[in-house]
Structures are given as structure tokens and as C-alpha cells.
Amino acid sequence: MTLLYALVAVLTVAVAVDLLLTTAVIRRLRAIEEHRDPGLAAVGPPLGSALPAEQVDRVTGRTGGPLLLAFFSTTCKYCPDQADRLARRATDLRRDGVQILSVVTTTPGEDVAALATVLRPAGQVVTEPGPGELMAAFGVLGTPAFLYYDDGGILAASGTTVDDLRLPVRP
């Protein structure tokens, strides 16, 4: 019986130590999160970068004005939801003069039709084997990714969701 009490006491101490260590790790992670550099979570090139126009113009025939580039992938579990959100906001964006280009990356044998169908009402849709030439040109490493270039072709906003962009409203 004494052995049983000793085992319970040792187990209780081990659980208490584990709880203290877990609490310390959680506190440390929260402190790191509060002080992290927001630039680390950046999508694509740094804000203020110029639009690599030759890439976009070649694909879209774009002649200027603000541009929203949206990158999606057929293997991304978050992309269908973000594609739907973009499609719902597209009318307001186009009314503000924003051209929308959606780039869908795919691997051989994957069906791009579902994403393309949702995105087509938002604007031009380009598919490429991924990660492809456009993802590389814009430094996009994952999907979904959104890049908003203003009238002057300068990256003004980026994010992993449409809501991250907080796009400027034109008068």
C-alpha cells in the first residue's frame, strides 16, 4: 500500500511540473506573438514595391489603374472560402475602378473548374501549373494570397484573406 501512495505522489508531482512547464511555454508564446514583427507575416513583396507590370500586362492586357491580384490553389483548403468572399466583393471593387486578376495554380490531374467558376464573375482568371511564373514574379509562397496595387503601381496592401487588405475607398 505504501508503494501505491508513493507512486501516486510521484505522479502528482510529475503532473504538477508538466502543468507549470506548459503554462510557462504558453506565456512565452503569447509574449513572442505580442512583439513579433508584422513584416514577418507579409505576403509577397514588401509594401511600397513596384508592380512587375510586364508580367501582368502580358497576361491581362492591363492598361493601368488599381489592380488586385488574388492567388489561389486547387490544393488549398482555405481557397474556396476566400474565392467566394472575393466574388462577393468584386462588384464594389470594380465600381471603384479596381481590376481583379485571379491566379489559380494547379497540379496535373486536379480540377480547376470549381475555383474558376466562383472567380470568373470577379474578373479575369488565369490558371498555371503551380507554383508558376506569376507566383514567382510576385514572391508569393503560399495561397490564398492577395496583393493590391494602387493607381501608381505601388503595392499598397497585402494579406492572406480579402478582409486583411482594408482597401482604400475611392471618392
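Which residues are linked with Arg85 in a network of salt bridges? They are Asp81 and Asp163. Keep in mind that this is a predicted model. Its average pLDDT is 82, and 85% of the residues come in at 70 or above. Over residues 37-41, though, the pLDDT drops below 50, and that stretch makes one contact beyond its near neighbours in sequence. Where pLDDT is low, don't read the predicted coordinates in detail.

**The Arg85 network**
- Arg85 pairs with Asp81, with their closest N and O atoms 3.1 Å apart.
- Both of these residues sit in helix H3 (residues 79-95), four residues apart, or about one turn of the helix.
- Arg85 also forms a salt bridge with Asp163, here with 3.0 Å between the closest N and O atoms.
- That second pair ties together distant parts of the chain, since Asp163 lies in the segment after strand S5 (155-159), 78 residues from Arg85 in helix H3.
- Asp81 is partly exposed at 38% relative accessibility, Arg85 is partly exposed at 30%, and Asp163 is partly exposed at 41%.

**Further along helix H3**
- The total count is four salt bridges, and one of them joins Arg95 to Asp92, with the closest N and O atoms 2.3 Å apart.
- Arg95 and Asp92 are three residues apart in helix H3, about one turn.
- Arg95 counts as exposed because its relative accessible area is 59%, over the 50% cut-off, while Asp92 is partly exposed at 40%.

**A nonpolar patch**
- Met1, Leu4, Tyr5 and Val8 make a nonpolar surface patch of about 490 Å².
- Tyr5 belongs to helix H1 (residues 2-35) and is exposed, at 58% relative accessibility.

Terms used: Residues are numbered from 1 along each chain as its sequence is written. This is a predicted model: local features need pLDDT of at least 70, side-chain atom pairs count only at pLDDT 80 or more; totals for chains, interfaces and linings use all residues. Side-chain values use heavy atoms; hydrogens and water are left out. pLDDT is the predictor's confidence in each residue, from 0 to 100. Contact means heavy atoms within 4.5 Å. Patches are made of residues with over 30% relative accessible area and no salt bridge: like charges are joined within 9 Å, nonpolar side chains (Val, Leu, Ile, Met, Phe, Trp, Tyr) within 5 Å. Accessible areas come from the Shrake-Rupley method with a 1.4 Å probe; for residues, only the protein chains shown count as cover. A salt bridge is a side-chain nitrogen of Lys or Arg within 4 Å of a carboxyl oxygen of Asp or Glu. Helices (H or I, at least four residues) and strands (E, at least two) are DSSP runs, numbered from the N terminus. Buried means under 20% relative accessible area, exposed over 50%, partly exposed in between (1.4 Å probe, protein chains only).
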